Amino acid sequence: MIPSARLSAAIEVLADIIARRRPASDALKDWGLAHRFAGSKDRAAIASLVYDALRRRASSAHVMGDEGPRAMLLGALALARGLDRAAIAALCTGDRFAPEPLSDEEARRLEALKLDDAPPAIAGDFPEWLTDELEAVFGEATVAEMQALSARAPIDIRVNTLKAERARIIPALAHLGPEITPHAPTGLRFSAGEDGRGPTLQVTPEFLKGLFEIQDEGSQLVAMLAGAGPNMQVVDLCAGGGGKTLELAALMDNSGQIYATDADARRLAPIHDRLTRAGARNVQVRTPKGRADEPLADLDGKIDLVLVDAPCTGIGTWRRNPDTKWRVRPGALAERMKDQDFVLSRAEPLVKRGGRIAYVTCSVLPCENDERVAAFLAAHADFVSVDPQEVLALAPDSLSERDDLVSPAGLGLQLTPLRTGTDGFYLAILERRIANSE
Ligand SMILES: C[S@@+](CC[C@H](N)C(=O)[O-])C[C@H]1O[C@@H](n2cnc3c(N)ncnc32)[C@H](O)[C@@H]1O
């Protein structure tokens, strides 16, 4: 497909996403099925255009004075890809398969590209109803933080230290241009090309042999700071597909025991193959046998560390899933907060005296982070929060003095694209006192 035909296709997909309020991945898949002539490069390029447009949906609509799919794409070509009016006009020729030529109004708006009068939710491309929550955590930096969360994300991998070392993987993947991650000690980073497409790492022999996993650097860091170590008894309560379970196994050098579970057996399913590929041998997967099943009932009071990688709005991953930011609703946020209270309460009886809960979200909202931790502490007098500065002591040197990462209520750490170049992640460590009187 020629570039302008890809633009037309992206506009079509965006129209579908807007009209049916459906996930971008579903709309892209359907488009691919209905246009089988399009090759994998075309489909990837169209997806990249769609994701760029969704990342900048509000600011594109503002500069173009129109909320429709065409305006969204034209605005994003200018705002996200830096194309000038002439370059965009050259793509919109009106020829067969190409978008219609620019109208005078569109050309004028693309020339002016006026965003300086935009309110925060538009300049930062986020839903307006979240303004207070975001300002509570970021204050005057809200727009800058949200702009960073509206940019493209790099692709990070974690070298699996059960099987490999970073220094050895670098030459093996040299043709894909790996860079050392700024903070995570076993991470490598790959940048997307101009068209937003990154390398297809999953087809490399090194991936297939389990020498690395695809995992954002922020996810690598929070799992590392959770404090798992050799010979511990660890529960991964919301293990999902096992991204963090695999890292815990590596951090524990395959010793001790990890019990991995999830309320949703389907989400847990891929973990078995991933564990095998990674050579992780200290993990027992406890799949629930039904809603009423308590797969960890025998572990109460025995666990050193419970990782609660809680269900959340996923706001911290908006760079990768930009369509979710326009679908999140107050009702869904309230549901996630209830889920978070529930998983924390489920973790509590498992923890032995002196043991810990590592509460993690990929959100930046205080109501999913500090406030959930504060509510848990208020209800459980035998738990205290570990000083985030103390938690940072476990961090690589590049982060160990970063007081600015401490969350507003001082209960946890908040990573963000602007602060750490990672997805947005929150981590708080809660410790059960050794004795009641302590
Ligand atoms: C953020 S995801 C986990 C991601 C995973 N830890 C990883 O690193 O790949 C949150 C998970 O919590 C699970 N979950 C939701 N409610 C739960 C509950 N009550 N108990 C256990 N898991 C729950 C969801 O099914 C989902 O898989």
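**Exercise 1. Is cysteine 362 buried or exposed?**

Start with the ground rules: this is a predicted model, where local features need pLDDT of at least 70, side-chain atom pairs count only at pLDDT 80 or more, and totals for chains, interfaces and linings use all residues. Residues are numbered from 1 along each chain as its sequence is written.

Step 1: get the cut-offs. A residue is buried if 20 or more other C-beta atoms (placed from the backbone) lie within 10 Å of its own, exposed if 12 or fewer, and partly exposed in between.

Step 2: apply them. Cysteine 362 has 26 other C-beta atoms within 10 Å, so it is buried.

Step 3: place the residue. Cysteine 362 sits in the loop between strand S9 (351-361) and helix H19 (370-379). Helices (H or I, at least four residues) and strands (E, at least two) are DSSP runs, numbered from the N terminus.

Step 4: list the neighbours. Leaving out residues up to four places away in sequence, cysteine 362 touches Cys312, Gly314, Gly316, Thr317, Asp423, Gly424 and Phe425. Contact here means C-beta atoms, placed from the backbone, within 7 Å.

Step 5: check the record. UniProt, in an unreviewed entry, lists Cys362 under "active site"; such annotations may be inferred rather than shown by experiment.

**Exercise 2. Work out how domain 1 and domain 2 meet.**

Step 1: find the bounds. The domain assignment, automatic or from a database, gives domain 1 (3-118) and domain 2 (217-432).

Step 2: look at the spacing. Over C-alpha atoms, the two domain centres are 37 Å apart.

Step 3: take the contacts. 8 residues of domain 1 are in contact with 4 residues of domain 2. On the domain 1 side, helix H3 (residues 40-55) gives the most, with 3 residues.

**Exercise 3. Trace the open sheet and find its edges.**

Step 1: write down the order. This sheet of 4 strands runs S2-S3-S1-S4, with antiparallel pairing. Two strands pair if DSSP finds at least two bridges between them.

Step 2: pick out the edges. Strand S2 (179-180) and strand S4 (212-214) each have a single partner strand, so one side of each is left without a neighbour in the sheet.

Step 3: zoom in on one pair. S2 and strand S3 (residues 187-190) run antiparallel and are joined by 2 bridges. Glutamate 179 stands opposite arginine 189 in S3.

Terms used:
Contact = placed C-beta atoms within 7 Å.
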